[in-house]
Amino acid sequence: MRRWLAQKGMILVTGANGGLGRVLLGKIISTTEFIEYYGVYTVRNTSSVSAIRSTLAGAPATHHYAIEPLDLSWLGSVYAFSRAINARVLAGEIPSNRSLILNARNNDMGKQSFAEDGFDETFAPSYLGHWLLALMLLQSVGKESGRIAVAGSATHERAT
C-alpha cells in the first residue's frame, strides 16, 4: 500500500524555502486537516534546504511530503517538473493536486540578469513561471475541488 493512499490529495507550494513559504509549511503541518495532504514543496536549490528541513522537523509522522527542485526562472525546468508531476499523478504514484500555492519570488535588487532562455530572472520566477506551471499542472488538479492560490508581489513589475 502506498503511504499517501489515505491522504486527501496533494498540496504543492513553490518557494517553500523562503520566509512566507516556511510560514505556509508551518501552518500546513500544524493544522489537522492539512496534515492529511501529501506535500510537494519546491525549492530552487535543493542543496540549501536546511531552513525547510528545520520547519518540517516538527511535522507529525502522518504528514508525507517531498522536497523537489524547481527553478521557475528557467521555463525548461517548469516544463520538466510539471511533466514529471503529471506523469506521477497519472501513474498513481502521488495523489492529484488539491491545491497549488504559487509563492516563489526572486528579486535581483536592481541588477537585471537573464536566464538561459532569455527571460528576465525577476520576471520569470515571480510571474511567468507560475502561470506556466499552473497551466501545465491543470491536468493533474482535482476537477471538483482543486484550487490555485497565487501570492502576489510587486517584485516582477520592475522587470517589465
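This report covers one helix, one buried loop residue, the salt bridges and the nonpolar cores of a predicted model.

## Helix H5

Helix H5 comprises residues 123-137. With 15 residues at 1.5 Å a residue, H5 should span 21 Å, and this agrees with the 20 Å between its end C-alpha atoms. The helix bends by about 40° at glycine 129.

Glycine 129 is also one of the buried residues of H5. The others on that list are Phe123, Ala124, Pro125, Ser126, His130, Leu132, Leu133, Ala134 and Leu137. An α-helix has 3.6 residues a turn, so residues three or four places apart point the same way. The buried residues of H5 pack against three strands, S1 (10-13), S4 (97-102) and S5 (147-150), and against helix H4 (75-90).

## Serine 140

The loop between H5 and S5 contains serine 140. Serine 140 counts as buried because its relative accessible area is 3%, under the 20% limit. Its side chain makes a polar contact of 2.8 Å with the side chain of asparagine 97.

Apart from neighbours within four places in sequence, serine 140 is in contact with Ile85, Asn86, Val89, Ser96 and Asn97. The contact with Ile85 appears again among those of isoleucine 85, described under the cores.

## Salt bridges

The model has 4 salt bridges. One of them joins glutamate 36 to lysine 8, with the closest N and O atoms 3.5 Å apart. Glutamate 36 lies in the loop between helix H2 (32-35) and strand S2 (38-43), and lysine 8 in the segment before S1, so this pair ties together parts 28 residues apart in sequence. Both residues are partly exposed: the relative accessible area is 34% for glutamate 36 and 41% for lysine 8.

Another salt bridge is formed by arginine 44 and aspartate 71, whose closest N and O atoms are 3.5 Å apart. Here the loop between S2 and helix H3 (50-56), which holds arginine 44, is tied to the loop between strand S3 (65-69) and H4, which holds aspartate 71; these parts are 27 residues apart in sequence. Arginine 44 is partly exposed at 42% relative accessible area, and aspartate 71 is partly exposed at 23%.

## A salt-bridge network

Glutamate 68 and arginine 88 meet through their side chains in a salt bridge, 3.5 Å from N to O. Because glutamate 68 lies in strand S3 and arginine 88 in helix H4, the pair ties together parts that are 20 residues apart in sequence. Arginine 88 is partly exposed, with a relative accessible area of 23%. Through shared partners, salt bridges join Glu68, Arg88 and Glu93 into one network.

## Nonpolar cores

The largest nonpolar core has 21 residues, of which Met10, Leu12, Val40, Phe81, Ile85 and Leu133 touch the most other members. S1, S2, H4, S4 and H5 are the elements giving two or more residues to this core. The most comes from H4, with 5 residues.

Isoleucine 85, one of these core residues, is in contact with Met10, Val40, Ile94, Asn97, Leu137 and Ser140 when neighbours within four places in sequence are left aside. A second core, separate from the largest, has 15 residues, including Val13, Val49, Ile52 and Ala59.

Technical notes. Residues are numbered from 1 along each chain as its sequence is written. This is a predicted model: local features need pLDDT of at least 70, side-chain atom pairs count only at pLDDT 80 or more; totals for chains, interfaces and linings use all residues. Side-chain values use heavy atoms; hydrogens and water are left out. Helices (H or I, at least four residues) and strands (E, at least two) are DSSP runs, numbered from the N terminus. The expected span of a helix is 1.5 Å times one less than its number of residues. The bend at a residue is the angle between axes fitted to the seven residues ending there and the seven starting there. Buried means under 20% relative accessible area, exposed over 50%, partly exposed in between (1.4 Å probe, protein chains only). Contact means heavy atoms within 4.5 Å. A polar contact is a pair of N or O atoms within 3.5 Å; within protein, one must be able to donate a hydrogen and the other to accept it, and residues adjacent in sequence count only if both atoms are side-chain atoms. A nonpolar core is a set of buried Ala, Val, Leu, Ile, Met, Phe, Trp, Tyr and Cys residues joined through side-chain atoms within 4.5 Å.
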